[in-house]
Amino acid sequence: PTMSDGILTLSTATFDETIQSSAKPVLVDFWADWCTPCKMIAPILEELAKEQPGIQVAKLDVDANPEIAQRFNVMSIPTLLLIQDGEIKKKIVGAKGKGALLADLQDYL
């Protein structure tokens with residue numbers, strides 16, 4: 001997977017291996033190019049990636065990787081999944097502000 005601003009870009013090919021091999025929880029942002037709320041939370045996720053070393057932030061383009069989105073029943077985007085040890089610990093649907101996101105994730109930060 002490629003990394004930019006501390007955020008991994010996942011694909012169908014790299015998803016499982018990355019999730020399984022990560023020593024820390026992975027926060028996966030399911031997004032698409034045409035999704036305005038996804039663009040709104042992108043800078044917040046970049047801040048999280050820099051400020052929260054306890055989690056790994058990653059993103060997955062649902063248009064390019066529909067089978068992963070289907071597997072996790074991602075119906076609307078943005079959807080954030082926090083995955084630890086291969087299990088979904090948290091599912092956050094919709095764009096939220098930074099404070100709300102931090103509150104949702106506090107058990108894992």
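Start by selecting strands E1 and E2: the two pair in the antiparallel sense over three bridges. You're looking at a predicted model, by the way, so read everything on this tour as computed.

**Stop 1: the hairpin**

E1 and E2 form a hairpin, with two residues between the strands. Click on Asp5 in the turn and check its backbone: phi is positive there, about 55 degrees. Now show Thr2 and look across to E2, where Thr9 stands opposite.

**Stop 2: the whole sheet**

Zoom out and colour the strands. Six of them form an open sheet, in the order E1-E2-E4-E3-E5-E6, and the pairing is mixed. Which strands stand at the edges? They are E1 (2-4) and E6 (87-93), each with a single partner strand, so one side of each is left without a neighbour in the sheet. Look along the sheet for its twist: neighbouring strands are turned by 25 degrees against each other on average, direction ignored.

As a reminder of what holds such an arrangement together, strands of a sheet pair through backbone hydrogen bonds, either parallel or antiparallel.

**Stop 3: from E2 over to E4**

Keep E2 (residues 7-10) and add E4 (residues 56-61). These strands run parallel and are joined by four bridges. Two cross-strand positions are worth labelling: Leu10 stands opposite Leu60 in E4, and Thr9 stands opposite Lys59 in E4. Hold on to Lys59, as we'll meet this side chain again.

**Stop 4: E3, covered on both faces**

Next, select E3. How many of its residues are buried? Six of the six, so E3 is largely enclosed by the rest of the structure. In a regular strand the side chains alternate between the two faces of the sheet. Turn on the side chains and you can sort them by face: Val26, Val28 and Phe30 are on one side, while Leu27, Asp29 and Trp31 are on the other. Both faces of E3 are covered.

Now for the partners:

- E3 pairs with E4 in the parallel sense, over six bridges. Asp29 stands opposite Lys59 in E4.
- To get from E3 to E4, follow the chain through helix H2 (residues 36-51); this β-α-β crossover is right-handed.
- E3 pairs with E5 in the antiparallel sense, over five bridges. Phe30 stands opposite Thr79 in E5.

Stay on Val26, a residue of E3, for a moment. Val26 counts as buried, at 1% relative accessibility. Expand the selection around Val26 and, leaving aside neighbours within four places in sequence, you'll find contacts with Ile19, Gln56, Ala58, Leu81, Leu82 and Ile83. For a distance check, draw a line between the C-alpha atoms of Val26 and Asp85: the separation is 9.2 Å, with the two positions 59 residues apart along the chain.

**Stop 5: a lysine over a ring**

Bring back Lys59 and show Trp31 with it. Lys59 lies over the face of Trp31, at 4.7 Å from the ring centre.

**Stop 6: helix H1 and the aromatic rings**

Select H1. This helix lies across E2, E3, E4 and E5, running at about 135 degrees to E2. Thr14 has its place in H1 and is buried, with a relative accessible area of 19%. Setting aside sequence neighbours within four places, Thr14 is in contact with Pro1 and Thr9.

Then show the aromatic side chains. The structure holds two aromatic pairs. In one of them, the rings of Phe15 and Phe72 have their centres 5.5 Å apart and their planes at 55 degrees, so the pair is tilted. Phe15 lies in H1 (residues 12-21) and Phe72 in the loop between helix H3 (66-71) and E5 (79-84), so the pair ties together parts that are 57 residues apart in sequence. Are these two residues buried or exposed? Phe15 is buried, and Phe72 is too. Add Phe30 to the selection: ring pairs link Phe15, Phe30 and Phe72 into a cluster.

**Stop 7: helix H4**

Finish with H4 (residues 98-105). This helix lies across E3, E5 and E6, running at about 155 degrees to E6. Pick out Gly99, found in H4, which counts as exposed at 51% relative accessibility. One last distance to draw: the C-alpha atoms of Gly99 and Ala32 are separated by 23 Å, and the two residues are 67 apart along the chain.

Key
Residues are numbered from 1 along each chain as its sequence is written. This is a predicted model: local features need pLDDT of at least 70, side-chain atom pairs count only at pLDDT 80 or more; totals for chains, interfaces and linings use all residues. Side-chain values use heavy atoms; hydrogens and water are left out. Rings of Phe, Tyr and Trp (its six-membered ring) pair if their centres lie within 6.5 Å; planes under 30 degrees apart count as stacked, over 60 as edge-to-face and the rest as tilted. Buried means under 20% relative accessible area, exposed over 50%, partly exposed in between (1.4 Å probe, protein chains only). A charge sits over a ring if NZ of Lys or CZ of Arg is within 6 Å of the ring centre and within 35 degrees of the ring normal. Two strands pair if DSSP finds at least two bridges between them. Axes are lines fitted to C-alpha atoms, for helices over the stretch in contact, and angles run from 0 to 180 degrees between N-to-C directions. Contact means heavy atoms within 4.5 Å. A crossover is right-handed if, with the strands pointing away from the viewer, the path from the first strand over the helix to the second runs clockwise.
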